[in-house]
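Let's get to know a protein chain by working through a few exercises together. Keep the sequence and the 3D view open as you read.

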Amino acid sequence: MFFDRPESGELAVLVHLDISHGQAPEDPREFEELVLSAGGDPVALIAGQRAAPHAKYFVGTGKLQELKALVAEHDAELVIFNHTLSPSQERNLEKALECRVLDRTGLILDIFAQRARTFEGKLQVELAQLRHMSTRLVRGWTHLERQKGGIGLRGPGETQLETDRRLLRGRISSIERRLKKVRTQRDQGRRSRQRAAIPTVSLVGYTNAGKSTLFNRVTGAEVYVQDQLFATLDPTMRRVELPDVGAAIVADTVGFISHLPHKLVQAFRATLEEASNSSLLLHVVDAAADERLRNIDQVDLVLGEIDAAELPQLRVYNKIDLLNMEPRIDRDDDGRPQAVWVSAQTGEGLELLEQAIAERLGTEMVSGRLLLPPDLGRVRAMLYQQHAVAAETHRDDGASELDVRLPHSDLMRILSAGKLAPEQLHWLSHGESGRVAC
């Protein structure tokens with residue numbers, strides 16, 4: 001933005017109003033956690049209720065005077081609104097309060113700017129910031145309405161404000177071109193996985209629901225985990241071996257939040273597209289949160305924005321250790337898993353989660369005892385590569401008897417590579433095979 005970030009936490013006065021829309025009032029605790037996550041130091045909170053925002057200041061004149069008194073009393077450097085302010089409202093408030101004013105969108109953008117680590121993540125944050133900034137250029141400078149002066153610069157040229165807007169548009173276009181390349185690369189990787197019939201399982205959910213802790217448990221990765229909002233910003237993907245499924249890609253994504261700025265949804269579309277093209281969504285829910293149902297609704301809203309609402313979804317209720325519950329699988333009338341209750345922190349219920357994922361991915365498994373003559377050594381090697389061989393014995397004639405179990409799609413791919421037809425395989429016995437309910 002136009003202001004340097006201070007080295008220490010800024011003293012901030014918070015403003016949270018309930019605007020009457022026939023809905024239950026929101027809890028301001030999440031707002032305070034956002035401010036703390038950004039590195040702010042909340043010194044006071046002003047709460048209230050209005051039928052509609054004030055056109056000039058968002059708050060009424062009485063609340064404005066109360067705000068001015070609190071800013072002076074605590075020597076606050078910043079006033080943060082838990083709402084979206086128009087550019088004119090920000091300007092009017094800054095002029096009246098004589099300090100910086102930030103709205104919810106700007107606050108979340110600031111957190112994202114601090115957490116971005118990868119090149120792509122930084123580009124996405126910058127794009128969202130520039131789009132947000134483009135309507136607020138005038139508030140950062142006092143001279144932008146003047147034309148350039150000096151020798152060789154006189155005449156009907158553009159004003160400084162127009163120049164800055166043009167440069168801003170140029171930078172936005174440059175970032176969009178780079179992100180388009182990233183999207184193309186993601187599409188290529190996604191198509192190669194689809195050709196190899198490797199399913200993708202994406203973790204989605206409200207921020208701080210425990211997605212990264214669960215991701216680390218399932219994949220053995222060491223993704224950054226912290227008890228704070230938006231601890232994970234950059235997407236992470238790992239290949240894992242799941243029972244009765246084989247190879248799968250598990251993706252950890254950025255957490256959602258209520259009133260997620262639309263600019264962020266647009267900027268992070270390249271990242272969120274990974275979720276929208278998944279074989280299965282694991283909707284991780286903080287089972288111990290008081291706002292559990294509201295958080296679920298907010299995640300469903302964002303999934304609708306990225307065209308992922310219709311994808312197969314398995315709900316994962318996390319943090320059952322805080323509720324002293326036993327892990328379990330909830331099923332619908334057809335016996336299909338709908339929800340799994342686990343604790344990513346302690347590892348309770350993870351075997352049930354893997355079982356539910358295998359059932360929901362609907363993999364058709366082939367198992368039995370297979371006789372392979374010596375000339376089919378390549379097929380034997382590929383079966384081992386797929387971790388499909390449970391046991392093996394050798395005959396005197398050089399043939400091998402293998403106890404195998406693998407997805408039907410993997411077997412067809414192996415036969416295709418060996419230029420064999422399914423009827424050319426000699427099965428000594430068949431185990432149970434069939435399509436799992438999906």
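The exercises below each give a task and then a solution in steps.

This is a predicted model, in which local features need pLDDT of at least 70 and side-chain atom pairs count only at pLDDT 80 or more, while totals for chains, interfaces and linings use all residues. Residues are numbered from 1 along each chain as its sequence is written, and side-chain values use heavy atoms, with hydrogens and water left out.

**Exercise 1. Take stock of the whole protein.**

Step 1. Start with the elements: there are 14 helices and 16 strands. Helices (H or I, at least four residues) and strands (E, at least two) are DSSP runs, numbered from the N terminus.

Step 2. Next, look at burial: 49% of the 438 residues are buried. Buried means under 20% relative accessible area, exposed means over 50%, and partly exposed is in between (1.4 Å probe, protein chains only).

Step 3. Finally, turn to contacts, meaning heavy atoms within 4.5 Å. Among contacts with a separation of 6 or more, 68% come from residues 24 or more positions apart.

**Exercise 2. Lay out the sheet made by E1 to E4.**

Step 1. Find the strand order: the four strands form an open sheet, E2-E1-E3-E4, with parallel pairing. Two strands pair if DSSP finds at least two bridges between them.

Step 2. Check the edges. E2 and strand E4 (100-102) each have a single partner strand, so one side of each has no neighbour in the sheet.

Step 3. Zoom in on one pairing: E1 and E3 are joined in the parallel sense over four bridges. Valine 13, for instance, has valine 79 in E3 as its bridge partner.

Step 4. Add the angles. From one strand to the next, the twist averages 20°. Helix H2 packs on the sheet, where it touches E1, E2 and E3, and its direction makes about 170° with that of E2. Helix H3 (residues 87-97) lies across E3 and E4 and runs at about 145° to E4. For these angles, axes are lines fitted to C-alpha atoms, for helices over the stretch in contact, and angles run from 0 to 180 degrees between N-to-C directions.

**Exercise 3. Which residues touch the most other members of the largest nonpolar core?**

Step 1. Recall the term: a nonpolar core is a set of buried Ala, Val, Leu, Ile, Met, Phe, Trp, Tyr and Cys residues joined through side-chain atoms within 4.5 Å.

Step 2. In the largest core, which has 27 residues, the answer is Ile80, Leu107 and Leu303. Two or more residues each come from strand E1 (11-19), helix H1 (29-37), E3, helix H4 (104-115) and helix H11 (292-305). H4 gives the most, with four residues.

Step 3. Follow one member outward. Beyond its neighbours within four places in sequence, leucine 107 is in contact with Phe31, Leu34, Val35, Ala38, Ile80 and Leu102.

Step 4. Now look elsewhere: a second, separate core has 26 residues, including Val245, Val284, Val342 and Leu361.

**Exercise 4. Find and classify the aromatic pairs.**

Step 1. Set the rule. Rings of Phe, Tyr and Trp (its six-membered ring) pair if their centres lie within 6.5 Å; planes under 30 degrees apart count as stacked, over 60 as edge-to-face and the rest as tilted.

Step 2. Searching the whole structure gives two such pairs. In one, the rings of phenylalanine 58 and phenylalanine 81 have centres 6.0 Å apart and planes at 80°, so this pair is edge-to-face. Phenylalanine 58 sits in the loop between strand E2 (41-50) and helix H2 (61-74), and phenylalanine 81 in strand E3 (residues 78-81), so the pair ties together parts 23 residues apart in sequence.

Step 3. Check their burial: phenylalanine 58 counts as buried at 6% relative accessibility, and phenylalanine 81 is buried at 0%.

Step 4. The pair of tyrosine 317 and tryptophan 341 is stacked, at 4.3 Å centre to centre with 15° between the planes. Tyrosine 317 belongs to strand E9 (residues 313-318) and tryptophan 341 to strand E11 (residues 337-341), 24 residues apart. Both tyrosine 317 and tryptophan 341 are buried.
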